[in-house]
Amino acid sequence: MSLTRKRKKELRRLQNDAVDLWENQQELVGHAADIAREAGRQLGNVGREQVLPVVQDAYNRRVAPTVDRGLKIGRHVVDDKVVPIVGGVVGSALSAWDVANAKRQGLTVSNGRVVKKKQGPGLGSIIAIVLGAAAAAGVLYAAWQALRTDDELWVADDPLSAPDA
């Protein structure tokens with residue numbers, strides 16, 4: 001497709017106008033960016049110099065006392081109410097745990113204290129063993145005395161013959 005000279009000239013002029021417009025827009029956008037940058041800097045200055053002191057004063061007069069009061073009440077509730085209750089519950093749970101472990105291991109529990117079972121015979125058992133041993137020794141001694149071979153105690157089965165003279 002071939003264009004006439006007139007159309008080519010109009011297209012070049014249109015192209016030059018578009019390039020000029022693009023350059024002008026770039027310049028305008030650069031200038032707008034400079035203005036926005038300066039506005040941000042000024043806004044930061046105003047915020048630091050005007051807004052921040054007012055906000056800090058309002059915070060110190062209204063919010064800080066309320067927060068401090070809330071913290072003080074919270075500490076009081078936790079220290080005086082929650083901690084003793086939780087401590088009691090935990091202590092009871094641990095006591096129950098100790099009792100269960102003691103029963104599982106064969107130990108006895110007396111007044112909330114774990115007491116070990118006696119491992120050996122008691123005093124009564126020792127006395128009974130000594131008396132039983134003494135009685136057994138007496139029976140054995142009596143049997144020994146009754147069954148010992150003593151010539152004088154035994155009676156002969158044969159009749160006695162008269163002595164030879």
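**Figure 1. E38 is partly exposed on helix α1 and bridged to R41**. In this predicted model, E38 has a relative accessibility of 35% and so counts as partly exposed, a class that lies between buried (under 20% relative accessible area) and exposed (over 50%), computed with a 1.4 Å probe on protein chains only. Its partner R41 is also partly exposed, at 44%. The two side chains meet in a salt bridge of 2.6 Å, N to O; the term means a side-chain nitrogen of Lys or Arg within 4 Å of a carboxyl oxygen of Asp or Glu. E38 and R41 are 3 residues apart in helix α1, about one turn of the helix. Helices (H or I, at least four residues) and strands (E, at least two) are DSSP runs, numbered from the N terminus. Residues are numbered from 1 along each chain as its sequence is written, and side-chain values use heavy atoms, with hydrogens and water left out. As the model is predicted, local features need pLDDT of at least 70 and side-chain atom pairs count only at pLDDT 80 or more, whereas totals for chains, interfaces and linings use all residues.

**Figure 2. Further salt bridges along helix α1: E10 with R7, and R61 with D57**. The structure holds 4 salt bridges. In the pair formed by E10 and R7, the closest N and O atoms are 3.1 Å apart. Both residues belong to helix α1 and sit 3 residues apart, about one turn of the helix. E10 is partly exposed at 32% relative accessibility, and R7 is partly exposed at 47%. The side chains of R61 and D57 meet at 3.0 Å, N to O. R61 and D57 are 4 residues apart in helix α1, so about one helical turn separates them. D57 is partly exposed, with a relative accessible area of 37%. Side chains of opposite charge can pair when their charged atoms come close.

**Figure 3. N45, a buried residue of helix α1, contacts R48**. N45 lies in helix α1. With a relative accessible area of 19%, N45 counts as buried. Its side chain makes a polar contact of 2.6 Å with the side chain of R48. Such a contact is a pair of N or O atoms within 3.5 Å; within protein, one must be able to donate a hydrogen and the other to accept it, and residues adjacent in sequence count only if both atoms are side-chain atoms. Buried residues make up 2% of the 165 residues in the protein.

**Figure 4. A nonpolar surface patch that includes V82**. The patch covers about 630 Å² and is made by I73, V77, V78, V82, V83, V86, V90 and L94. Patches consist of residues with over 30% relative accessible area and no salt bridge; like charges are joined within 9 Å, and nonpolar side chains (Val, Leu, Ile, Met, Phe, Trp, Tyr) within 5 Å. V82 is found in helix α1 and is partly exposed, with a relative accessible area of 39%. The accessible surface of the protein comes to about 15200 Å², of which 62% belongs to carbon and sulfur atoms. These areas come from the Shrake-Rupley method with a 1.4 Å probe; for residues, only the protein chains shown count as cover.

**Figure 5. Y141 and W144 form a tilted aromatic pair in helix α2**. Rings of Phe, Tyr and Trp (its six-membered ring) pair if their centres lie within 6.5 Å; planes under 30 degrees apart count as stacked, over 60 as edge-to-face and the rest as tilted. By this rule the count is 1 aromatic pair. The rings of Y141 and W144 are 5.9 Å apart, centre to centre, with 40° between their planes. Both residues lie in helix α2 (residues 123–147), 3 residues apart, about one turn of the helix. Y141 is exposed, at 51% relative accessible area.

**Figure 6. Elements of the protein and their confidence**. The protein has 2 helices and 2 strands, in the order α-β-β-α from the N terminus on. The mean pLDDT (the predictor's confidence in each residue, from 0 to 100) is 83 for the protein, and 81% of its residues reach 70 or more. Among the elements, helix α1 (residues 5–104) has the highest mean pLDDT, 88, and strand β2 (residues 113–115) the lowest, 63. Where pLDDT is low, the predicted coordinates should not be read in detail.
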